[in-house]
Amino acid sequence: MRRLSRARKAPRDLVLRARMVELSWAGLRVPAIADELRCNQKTVRRWLHRFNRSGLQGLDDLGGQGRKRRITEAERSRIIGLVKQAPLGRLTVQADGELAAEDESGPPEWTLDALAAEARKLGIEIGRSQVRRILLAEGVRWRRTRSWTRSRDTDFEGKGPGSSSSTPARPRVRRSSAPTSSDR
């Protein structure tokens, strides 16, 4: 216990808790230990009681604390899989050359709202922001970038060169490294 309370490489919280036990062994009361370590008396009591119940393992943090995930890994995978599928409202060229969508009322592009709505249809209760967090964590892109800049149409003419700026850019001037202060 003494070695742990003076350890430099151990987690700070564990060292503090070991110091509480050591000061208690030295005969200090809870208020004096709290003053010495600059913490609350309830904190000192909690850790002393846990040490008395469980020994050295009682000073470790309990695992599994915090909020549990609301959706399973399988549901996360289904949401990621949605992005890989074409949205039901996207226009596709049919065999006869006509453009048609599988479902006219569906979204033509995936948006966070559309993905969340589709996940809800699959029975996954999820919000827009959580869909975003899942996709960002997995590095999945859910938007097509600049679909309007390319076309398979042979008659399509791309945009011309960008317009020239009406105001010329300021020329870069090299700054002097000598001090310019006039404090003399």
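**Close-up views of aromatic contacts and nonpolar cores**

**View 1. The structure holds 1 aromatic pair.** In this predicted model, the pair is made by W25 and F51, whose rings lie edge-to-face with 6.0 Å from centre to centre and 65° between the planes. Distant parts of the chain are linked in this way, since W25 belongs to helix α2 (residues 12-25) and F51 to helix α4 (residues 41-54), with their positions 26 residues apart in the numbering. F51 counts as buried because its relative accessibility is 15%, and buried means under 20%.

**View 2. The side chain of R17 is placed over the face of W47.** The distance from R17 to the ring centre of W47 is 3.8 Å.

**View 3. The largest nonpolar core comprises 18 residues.** Within this core, the residues that have the most contacts are I79, L115, I126, V131 and L135. Two or more residues are contributed by each of the elements α5 (73-84), α6 (112-121) and α7 (128-138), and of these α6 gives the most, namely 5 residues.

**View 4. I126 is shown with its contacts beyond the adjoining stretch of sequence.** When neighbours within four places in sequence are left aside, I126 is in contact with I71, I79, A116, A119, R120, V131 and I134. Apart from the core to which I126 belongs lies another core, which has 15 residues and includes L14, M20, I33 and W47; W47 is also the residue whose ring face lies under R17.

Terms used
Residues are numbered from 1 along each chain as its sequence is written. This is a predicted model: local features need pLDDT of at least 70, side-chain atom pairs count only at pLDDT 80 or more; totals for chains, interfaces and linings use all residues. Side-chain values use heavy atoms; hydrogens and water are left out. A nonpolar core is a set of buried Ala, Val, Leu, Ile, Met, Phe, Trp, Tyr and Cys residues joined through side-chain atoms within 4.5 Å. Buried means under 20% relative accessible area, exposed over 50%, partly exposed in between (1.4 Å probe, protein chains only). Helices (H or I, at least four residues) and strands (E, at least two) are DSSP runs, numbered from the N terminus. Contact means heavy atoms within 4.5 Å. Rings of Phe, Tyr and Trp (its six-membered ring) pair if their centres lie within 6.5 Å; planes under 30 degrees apart count as stacked, over 60 as edge-to-face and the rest as tilted. A charge sits over a ring if NZ of Lys or CZ of Arg is within 6 Å of the ring centre and within 35 degrees of the ring normal.
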